[in-house]
Amino acid sequence: MRETWNTVERLVEWLDAESTVSPEMARLLRVLKISEEAGEVAEAIHGVTGSNPRKGDSHTWEDVEAELCDVILTGMVALKTITPNAAEAFERRLAHVAERSLGHRPPGRGGKEAGSA
Ligand SMILES: [Mg+2]
C-alpha cells in the first residue's frame, strides 16, 4: 500500500506542477473529479446492459472495472491533496468502518458466525 500512496503523491505533485488555477480551486476541482469518474462508472454500467438503444452494448465489465479504479484513484488524489497524511487518514477510516461493520469477527468467514444462517 505504501508504494500505491507514493505513486499517488507523485501524481499530486505532477498535478500541482501543471495546475493553472489557485491551490484552493485545485482542491475543489480534484474533489469534483470524483463525481465525474463516478458518472463514467454509471455510463459503463449502462453500456454493459445495453440500456441505451442508441448506443447498444457499448461497454464491458472490464470497462466498469477500469472506471471503478478511476473513482478510487481520484478519491486518493483528492485525499492526498487535502491532507499530507492521506494514507493514515484512509487507514483510520477503514479501521473505523471495519470495526463498525465487522466488530471483532475473525477475517475470512464472510462476516458470519460459525453455524449461523
Ligand atoms: Mg474514467
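This is a short walk through the helices of one predicted model, and how they pack.

Okay, so, keep in mind that it is a prediction throughout. I'll start with α3, since much of what I have to say runs through that helix.

α3 covers residues 61-82. It has 22 residues, and from the first C-alpha to the last it reaches 32 Å, close to the 32 Å you'd expect at 1.5 Å a residue. Which of its residues are buried? Those are Glu67, Thr74, Met76, Ala78, Leu79, Lys80 and Thr81. And what do they pack against? The partners are α1, α2 and α4. Let me take those partners one by one.

First up, α2, residues 23-49. Its axis comes within 9 Å of the α3 axis, and the two cross at roughly 170 degrees. The cut-off for roughly antiparallel is anything over 145 degrees, so α2 and α3 are roughly antiparallel. Sorting the residues of that contact by class gives 15 nonpolar, four polar and eight charged. As for the helix itself, α2 has 27 residues, which should span 39 Å at 1.5 Å a residue, and the end C-alpha atoms sit 40 Å apart, so the two agree. Right after α2 comes Gly50, with a positive phi of about 65 degrees.

Next, α1, which is residues 2-18. Its axis also gets within 9 Å of α3, but here the crossing angle is roughly 70 degrees. That falls in the 65 to 115 window, so α1 counts as roughly perpendicular to α3. Who touches whom? On the α1 side we have Val8, Glu9, Leu11 and Val12, and on the α3 side Met76, Val77, Lys80 and Thr81. By class, that contact comes out as five nonpolar, one polar and two charged residues.

Then α4, residues 86-102. The α3 and α4 axes come within 8 Å and cross at roughly 120 degrees. From α3, the contact uses Met76, Leu79 and Lys80, and from α4 it uses Ala86, Ala89 and Phe90. Five of those residues are nonpolar, none polar, and one is charged.

You'll have heard Met76 come up in both of those last two contacts. Leaving out residues up to four places away in sequence, Met76 touches Val8 and Ala86. Now, as general background, nonpolar side chains in soluble globular proteins tend to be buried together. In this model, what makes up the largest nonpolar core? It is six residues: Val8, Val12, Met76, Ala78, Leu79 and Ala86. α1 and α3 each supply at least two of them, and the largest share, three residues, comes from α3.

Let me finish at the C-terminal side of things, with α4 again. Its 17 residues should span 24 Å at 1.5 Å a residue, and the end C-alpha atoms are 23 Å apart, so that agrees as well. How many of the 17 residues are buried? Just one, so α4 is hardly covered. Take Ala98, which lies in this helix. Is Ala98 buried or exposed? It has 12 C-beta neighbours inside 10 Å, and exposed means 12 or fewer, so Ala98 counts as exposed. If you want a long-range distance to check on screen, the C-alpha atoms of Ala98 and Ala26 are separated by 31 Å, with those positions 72 residues apart along the chain.

Just after α4 there's Gly103, with a positive phi of about 60 degrees. His104 is also in the segment that follows α4. With 5 other C-beta atoms within 10 Å, His104 is exposed. Its C-alpha is 14 Å from that of Leu94, the two being 10 residues apart along the chain.

So, to recap: the buried residues of α3 pack against α1, α2 and α4, and α3 gives the largest share of that six-residue core. That's it from me.

Notes: Residues numbered from 1 in each chain as written. Predicted model: local features only at pLDDT ≥ 70, side-chain atom pairs only at ≥ 80, totals over all residues. Axes fitted to C-alpha atoms, helices over the stretch in contact; angles between N-to-C directions. Helix = DSSP H or I, 4+ residues; strand = E, 2+ residues; numbered from the N terminus. Parallel < 35°, antiparallel > 145°, perpendicular 65-115°, else oblique. Contact = placed C-beta atoms within 7 Å. Nonpolar A, V, L, I, M, F, W, Y, C, P; charged D, E, K, R; others polar. Expected span 1.5 Å × (residues − 1). Core = buried A, V, L, I, M, F, W, Y, C linked by C-beta atoms within 7 Å. Buried ≥ 20, exposed ≤ 12 C-beta atoms within 10 Å, placed from the backbone.
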